[in-house]
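Here's a quick walk through one model, taken a feature at a time. Keep the viewer open and follow along.

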Amino acid sequence: MTDGSIWDEVLDTEHAIVVRTYIERWPRKNRAPEKVLIVVVEPDEEARNRCPRCGNRGVPVESGVRRWRTLDVHGKRCYLESAVPRIECAEHGKITASVPWARHDDRFTMPFEEHAAWLAAQMPWTKASAELRITWEALASIVARVTADAAAGLDRLQGLRMIGIDEKSRGKGTGKYLTVVTDHETGKIAWIAEGRSQDSVRAFFGQLGPERSKLLTHVSADGADWIHDVVREKAPQALICLDAFHVVKWAGERLDELRRRLAAELRAAGREDQAAALGAGMRALRKKPENLTTGQRTALAKIAADNKPLYKGYLIKEQLREAFRVKGHDGKALLAGLVSWARRTRIPEFAKLAKTLTRFRDLIWNTLDHGPSNGRAEALNAQLNALITRARGFRSADALIAMADFVYGGLCPDSPY
């Protein structure tokens, strides 16, 4: 920006000249008029009459006045106001000239949009849109534009070696799924799109391309054959590793099934207190031992004393978690031991788990022998779950995808300033 005014620094935009400022008073029902700050600006000579597509200077043929919402000033809404000509571009014909403070045909300044996208990454969108005093739809459009600009020129598929492919539910109902590809080495989203099918996975490999697909060494996934089949087709050299998070989740699900069955049997036998104790111990059964609170340890001890089958199921689940922690030969030995143990217990839910683990044994061995560390992927998985839960009000998959990509694809800055 040109020198000579404090506004040159406040507006944080290059190639703009502040002409004057004034206050407008907007009527409000049953309230005093709102004071709105209007800053009249114009592009400097270098930025004037430029085509928004090619950047070449055009010939102005007509003009009109526009306003752009920018960041509030001292709690007051603030707008930039400028005459914007239509120009005749030698390459693109008649088109509205670009301005240095906003994207073409946008009604918000770029500093406002960068701040809005950052704010949307920090809190629920309903709260962010209320704080910014814009509509939810406007905020969704802003995030999409900022994400697209931040991703432009970046090739996050370059250098991929170890990836995870996962499906995420984004809401109730059929068809509300996302396919997410994680870079295990950075713990960030490398690619995300709507859908959960072989076509979704093929779309990723289509963007990755045959040459870069050959560089993949490990692909982690859950037990979905529709993912495995495409990986074997597009990257046959890559080892498919069963994602440790999902394998332990299988054991947790069988444990929940067992708990519900035993609680129902206790209630049917009139032993309500014991059934209630199983419900109270639910969180203790799900958590890692090192994360248990004092109360949860007490609940787990009560289950160990009163309900041997459920406690056995808990120990089997924890042995499976330990197998993935130690990995290698020791991990395989623990896996073999717990499969044998699950069969011997004659607990139907864990006999089912033993069959599943046996079916996927080779892919689990790949994880234990060579698999990428799952810590970053688990952290990203938890963050995405939190975002999806927080974003139940998202009107479209595109808005959620843009937000997830912005926050967890490495595009969101630490601060908008």
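What follows covers a strand pair, the salt bridges and a charged patch.

## What we're looking at

This is a predicted model, so treat the numbers below as computed from it.

## The E7–E8 hairpin

Let's start with strands E7 (residues 177–183) and E8, which run antiparallel and are joined by six bridges. One spot to look at is Leu178, which sits opposite Glu194 in E8. Four residues lie between the two strands of this hairpin, and Gly187 adopts a positive phi there, near 70°.

Is strand E8 largely enclosed or not by the rest of the structure? It's largely enclosed, because five of its seven residues (188–194) are buried.

## Salt bridges

The structure has 33 salt bridges in total. A nice one to pull up pairs Arg359 with Asp225, at 2.8 Å from N to O. This pair ties together distant parts of the chain: Arg359 belongs to helix H14 (residues 348–359) and Asp225 to helix H7 (residues 225–234), with 134 residues separating them. Arg359 has a relative accessible area of 55%, so it's exposed, the cut-off being over 50%. Asp225, at 35%, counts as partly exposed.

Lys302 and Asp306 are a local affair: both are in helix H11 (residues 294–306), four residues apart, or about one turn of the helix. Their closest N and O atoms are 3.3 Å apart in a salt bridge. Both ends are partly exposed, with Lys302 at 47% relative accessible area and Asp306 at 45%. Elsewhere, salt bridges with shared partners connect Glu34, Arg69, Asp72, Arg77 and Arg133 into one network.

Then there's Arg48 with Glu45, another salt bridge, where the closest N and O atoms are 3.3 Å apart. Glu45 is exposed at 52% relative accessible area, whereas Arg48 is partly exposed at 28%.

## A negative patch

Which residues form the negative surface patch? They're Glu9, Asp12, Glu14 and Glu114. Glu114 comes from helix H2 (residues 110–120), and its relative accessibility of 39% makes it partly exposed.

## One long span

Last stop: Asp199, in helix H5 (residues 198–208). Asp199 is exposed, with a relative accessible area of 57%. From its C-alpha to that of Ala268 is 47 Å in space, while the two residues are 69 apart in sequence.

How values were computed. Residues are numbered from 1 along each chain as its sequence is written. This is a predicted model: local features need pLDDT of at least 70, side-chain atom pairs count only at pLDDT 80 or more; totals for chains, interfaces and linings use all residues. Side-chain values use heavy atoms; hydrogens and water are left out. Patches are made of residues with over 30% relative accessible area and no salt bridge: like charges are joined within 9 Å, nonpolar side chains (Val, Leu, Ile, Met, Phe, Trp, Tyr) within 5 Å. Accessible areas come from the Shrake-Rupley method with a 1.4 Å probe; for residues, only the protein chains shown count as cover. A salt bridge is a side-chain nitrogen of Lys or Arg within 4 Å of a carboxyl oxygen of Asp or Glu. Lys and Arg count as positive and Asp and Glu as negative; His and the chain ends are not counted. The place of a charge is taken as NZ of Lys, CZ of Arg, CG of Asp or CD of Glu. Buried means under 20% relative accessible area, exposed over 50%, partly exposed in between (1.4 Å probe, protein chains only). Two strands pair if DSSP finds at least two bridges between them.
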